[in-house]
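Colleague: Please take a close look at one part of this model, the place where two helices from separate chains pack together. What can be said about it and its surroundings?

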There are 2 protein chains.
Amino acid sequence: MNKMKQRRTIRKYQSRDISDDLLNDLLATACRASTCGNMQCYSIVATRSAEGKAALAPAHFHQPMVTQAPVVLTFCIDLHRFTRWCELRRATPGYNNFEWFVTGSVDALLVAQSFCTAAEEAGLGICYLGTTTFNPQAIIDALHLPPLVFPITTVTVGWPDEEPALTDRLPLEAVVHQETYHDYTPSDIDRFYAYKESLQENLQFIAENGKETLAQVFTDVRYTKKDSEEMSKSLYEAMKRQGF
Amino acid sequence: MNKMKQRRTIRKYQSRDISDDLLNDLLATACRASTCGNMQCYSIVATRSAEGKAALAPAHFHQPMVTQAPVVLTFCIDLHRFTRWCELRRATPGYNNFEWFVTGSVDALLVAQSFCTAAEEAGLGICYLGTTTFNPQAIIDALHLPPLVFPITTVTVGWPDEEPALTDRLPLEAVVHQETYHDYTPSDIDRFYAYKESLQENLQFIAENGKETLAQVFTDVRYTKKDSEEMSKSLYEAMKRQGF
């Protein structure tokens, strides 16, 4: 548990590879994660070749981790395998819908996080790529994902070549509610975000971007309403195109 | 990592409670999980009172874990808190859309799985309730979730009062693809599902339900097309009603 408390996202990796034995051991450990009805509605695509990583890089806005990490894992919702099994067993599957898109994403994300915890315990470093849901169609194409398979997150893995500082988190009481949800008063928000807003690096982001507040750095620069709405549209269309 | 390899879902709990200190320590550990842009797009509602658990029970089809476990944690997508912060900081948020429903679900599920791994390492047992996305509106009502907050999974936690056998998993090669997705031939499916289909408990499910194949137990009894389509509709409507 101490390792989990001290974990950092690692974006720079040594050139050293990860052995097949270690990678398979970590993946098998991850697959012990809970899964809906023991259906394992996920697949994991392991990209290790330079060509494979280069094919994925544009979908991730060419973040350097994709080509520098020895292993790139794309965690996918997968109702295709289970559906194939049903079809070959005189059963009529009904998993091409929104419920199973969401249930498959739960399955895939629990496996992803178990993989990361096991990898970090083994001394590896990981980075999640949120870009996966920004450009799903490009990933679907690069990895030849068939209908009812959908990329939900990506993890780059390798031996750490940096020791970043621990990042901030909101106070626990900001994210945990007792019994029922308790809404936030303006003074709650002030109190919970005060530390984040006081950090030197965040003050610098405000200055560099010519903004008044840190929140404006998020809404005007990092994750704008316009971009989010466009991404929502393409994410929804990609989901439909994959048959959900 | 050995603990992760040997983990079992626990559905029966001792009456012994979980101390606030331990629960908070586990929750704080879980919050070290990766999160998109360090935005922490999640909230966790901890239900410990008998009344609170009774209010949640119908949404989970009265599965006994809900009322018997000392702690029930509902992990929610939460774009409300971040949106409130933006509004109070002269920033224009754009997180009321499908992209952030999915991104928030990634955030919430990584925290949920980190919580479970930490809890199991501390000797606790957990059970995920997939029913969360079957009846989201009932949970939204019971927990008073405001717009832009959505329950994505539920975990019951307590000290184990059973020692179930390790459940089966598909062979690793059935769920991991090298470089790109490789589709399954009928003989792949036969090979990958052979062990599951050979298990005594599964043969018994087939017999008890008067079916020909295990797949038919899933499609005709456990997760039917009709139910899935109805749940898809209510899940989508609940998502829209919460403002995404």
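Modeller:
**Two helices across the chain contact**

In this predicted model, helix α6 (residues 98-121) of chain A packs with helix α12 (residues 225-241) of chain B at an angle of about 80 degrees, and their axes are 7 Å apart. Angles of 65 to 115 degrees count as roughly perpendicular, so α6(A) is roughly perpendicular to α12(B). On the α6(A) side, the contact is made by A:F98, A:E99, A:W100 and A:V102. On the α12(B) side, B:S228, B:M231, B:S232, B:L235 and B:Y236 take part. By class, the residues of this contact between α6(A) and α12(B) are 6 nonpolar, 2 polar and 1 charged.

The helix pair can be set beside the contact between the chains as a whole. Chain A gives 94 residues to that contact, and chain B gives 94 residues. On the side of chain B that touches chain A, the largest share comes from helix α6 (residues 98-121) of chain B, with 14 residues. That side of chain B has 45 nonpolar, 33 polar and 16 charged residues.

Strands also link the chains. Strand β5 (residues 176-178) of chain A and strand β1 (residues 42-47) of chain B run parallel and are joined by 3 bridges. In this pairing, A:Q178 stands opposite B:A46 of β1(B).

Last, the domains of chain A. The domain assignment gives domain 1 (2-165) and domain 2 (172-225) for chain A. The centres of these domains of chain A, taken over C-alpha atoms, are separated by 29 Å.

How values were computed. Residues are numbered from 1 along each chain as its sequence is written. Chains are lettered from A and ligands numbered from 1 in the order in which they are written. This is a predicted model: local features need pLDDT of at least 70, side-chain atom pairs count only at pLDDT 80 or more; totals for chains, interfaces and linings use all residues. Two residues are in contact if their C-beta atoms, placed from the backbone, lie within 7 Å. Helices (H or I, at least four residues) and strands (E, at least two) are DSSP runs, numbered from the N terminus. Ala, Val, Leu, Ile, Met, Phe, Trp, Tyr, Cys and Pro count as nonpolar, Asp, Glu, Lys and Arg as charged, and the others, Gly among them, as polar. Two strands pair if DSSP finds at least two bridges between them. Axes are lines fitted to C-alpha atoms, for helices over the stretch in contact, and angles run from 0 to 180 degrees between N-to-C directions. Angles under 35 degrees count as roughly parallel, over 145 as roughly antiparallel, 65 to 115 as roughly perpendicular and the rest as oblique. Domain bounds come from an automatic or database domain assignment.
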